[in-house]
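Me: I would like to learn how to read a few features from a structure of this kind, beginning with charged side chains and how open they are to solvent. Could you take me through them one at a time?

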Amino acid sequence: MTEVIFRTARRADVPAIVALLADDPLGAGREAAGGDAGGTVVGEEVDAAYWRAVGDIDAAYWRAFDDIDADPRNALVVADLAGEVVGTMQLTFIPGLSRLGAERAQIEAVRVRADQRGAGLGRRMISWAVDEARARGCRLVQLTTDKRRAAAHRFYAGLGFEASHEGMKLAL
């Protein structure tokens, strides 16, 4: 049985990551997966979708990847199963003066490929992220999830996260 490994994303992973970001009702409206890579792609279809999408990925994704990759306070992480990207998340480590100068970890853009959902991969991903934050000396892990994602709220609460704040955003 092949084991999932968590690793830093590589440039070649960007199309698969974008496809994961676009593969849900909310992401479909705000991501530009390009080509036929949008929508649900699984198993061997991922390879074909990857190659179709490579030329179609918006330049903004490549710039964002380069910025994240160059920033030691950011980590774009993938869950890799036998060479296939089956999950992704971004970790950002934020220094602060509050909480006695505590550094906090922010978890964002958590996605699990459709054919891998319900098998515990998301739980393993978040556990791995929390362990990474702890090893780095963070005193707090935080995340946001869209108000419309009721299942995600239950998922994170089941992992010990508390809905302690009301988040606000301003689109620019």
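Me: Is Asp 66 buried, partly exposed or exposed in this structure?

Reply: This is a predicted model, and in it Asp 66 counts as partly exposed because its relative accessibility is 37%, which falls between the 20% and 50% cut-offs. Its side chain meets that of Arg 11 in a salt bridge, with 2.6 Å from N to O. The two residues come from distant parts of the chain, since Asp 66 sits in helix α4 (residues 59–70) while Arg 11 sits in the loop between β1 (4–8) and α1 (14–22), 55 residues apart. Arg 11, at 39% relative accessibility, is likewise classed as partly exposed.

Me: Where do Glu 103 and Arg 136 lie, and what does their pairing tie together?

Reply: The side chains of Glu 103 and Arg 136 form a salt bridge of 2.9 Å, taken from N to O. Glu 103 belongs to the loop between α5 (98–101) and β4 (104–112), and Arg 136 to helix α6 (residues 121–136), so this pair ties together parts that are 33 residues apart in sequence. As for their surroundings, Glu 103 is buried, with a relative accessible area of 15%, whereas Arg 136 is partly exposed at 36% relative accessibility.

Me: Which residue meets Asp 115 in a salt bridge, and how many salt bridges does a search of the whole structure find?

Reply: The partner of Asp 115 is Arg 113, and their side chains meet at 2.6 Å, N to O. Asp 115 counts as partly exposed, with 37% relative accessibility, while Arg 113 counts as buried because its relative accessibility is 3%, under the 20% cut-off. Salt bridges can also share partners, and in that way Arg 7, Asp 13 and Asp 80 are joined into one network. A search of the whole structure finds 12 salt bridges.

Me: What should I know about the side chains along a strand, and where do those of β5 point?

Reply: The general idea is that in a regular strand the side chains alternate between the two faces of the sheet. Strand β5 (residues 140–143) shows such an alternation, with Val 141 and Leu 143 pointing to one face, where they are buried, and Leu 140 and Gln 142 pointing to the other, where they are not buried. Strand β5 is also joined to β4 by four bridges, and the two strands run parallel. Within this pairing, Arg 104 has Leu 140 of β5 as its bridge partner. Between the two strands the chain passes through α6, and the resulting β-α-β crossover is right-handed.

Me: Which backbone angle is worth a second look at Leu 100?

Reply: The angle is phi, which at Leu 100 is positive, near 60°, in a residue other than glycine. Leu 100 is found in helix α5, and it counts as exposed at 79% relative accessibility. Ala 109 is another non-glycine residue with a positive phi, here about 50°. Ala 109 lies in strand β4 and is partly exposed, with 30% relative accessibility.

Me: How many aromatic pairs does a search of the whole structure find, and how are the rings of Phe 6 and Trp 128 arranged?

Reply: The search finds three aromatic pairs. Phe 6 and Trp 128 make a tilted pair, with 5.6 Å from centre to centre and 40° between the planes. This pair links distant parts of the chain, as Phe 6 is in strand β1 and Trp 128 in helix α6, 122 residues apart. Trp 128 is partly exposed, with a relative accessible area of 23%. Phe 155 and Tyr 156, in turn, form an edge-to-face pair, 5.0 Å centre to centre with 65° between the planes. Phe 155 is partly exposed, with a relative accessible area of 27%, whereas Tyr 156 counts as buried at 10% relative accessibility. Ring pairs link these two residues and Phe 161 into a cluster.

Me: Where in the chain is the pLDDT below 50?

Reply: The protein averages a pLDDT of 86, and 84% of the residues score at least 70. Over residues 35–48, however, the pLDDT is below 50, and this stretch has 22 contacts in the model beyond near neighbours in sequence. Residues 50–54 also have a pLDDT below 50, with nine contacts in the model beyond near neighbours in sequence.

Technical notes
Residues are numbered from 1 along each chain as its sequence is written. This is a predicted model: local features need pLDDT of at least 70, side-chain atom pairs count only at pLDDT 80 or more; totals for chains, interfaces and linings use all residues. Side-chain values use heavy atoms; hydrogens and water are left out. A salt bridge is a side-chain nitrogen of Lys or Arg within 4 Å of a carboxyl oxygen of Asp or Glu. Buried means under 20% relative accessible area, exposed over 50%, partly exposed in between (1.4 Å probe, protein chains only). pLDDT is the predictor's confidence in each residue, from 0 to 100. Contact means heavy atoms within 4.5 Å. Two strands pair if DSSP finds at least two bridges between them. A crossover is right-handed if, with the strands pointing away from the viewer, the path from the first strand over the helix to the second runs clockwise. Rings of Phe, Tyr and Trp (its six-membered ring) pair if their centres lie within 6.5 Å; planes under 30 degrees apart count as stacked, over 60 as edge-to-face and the rest as tilted.
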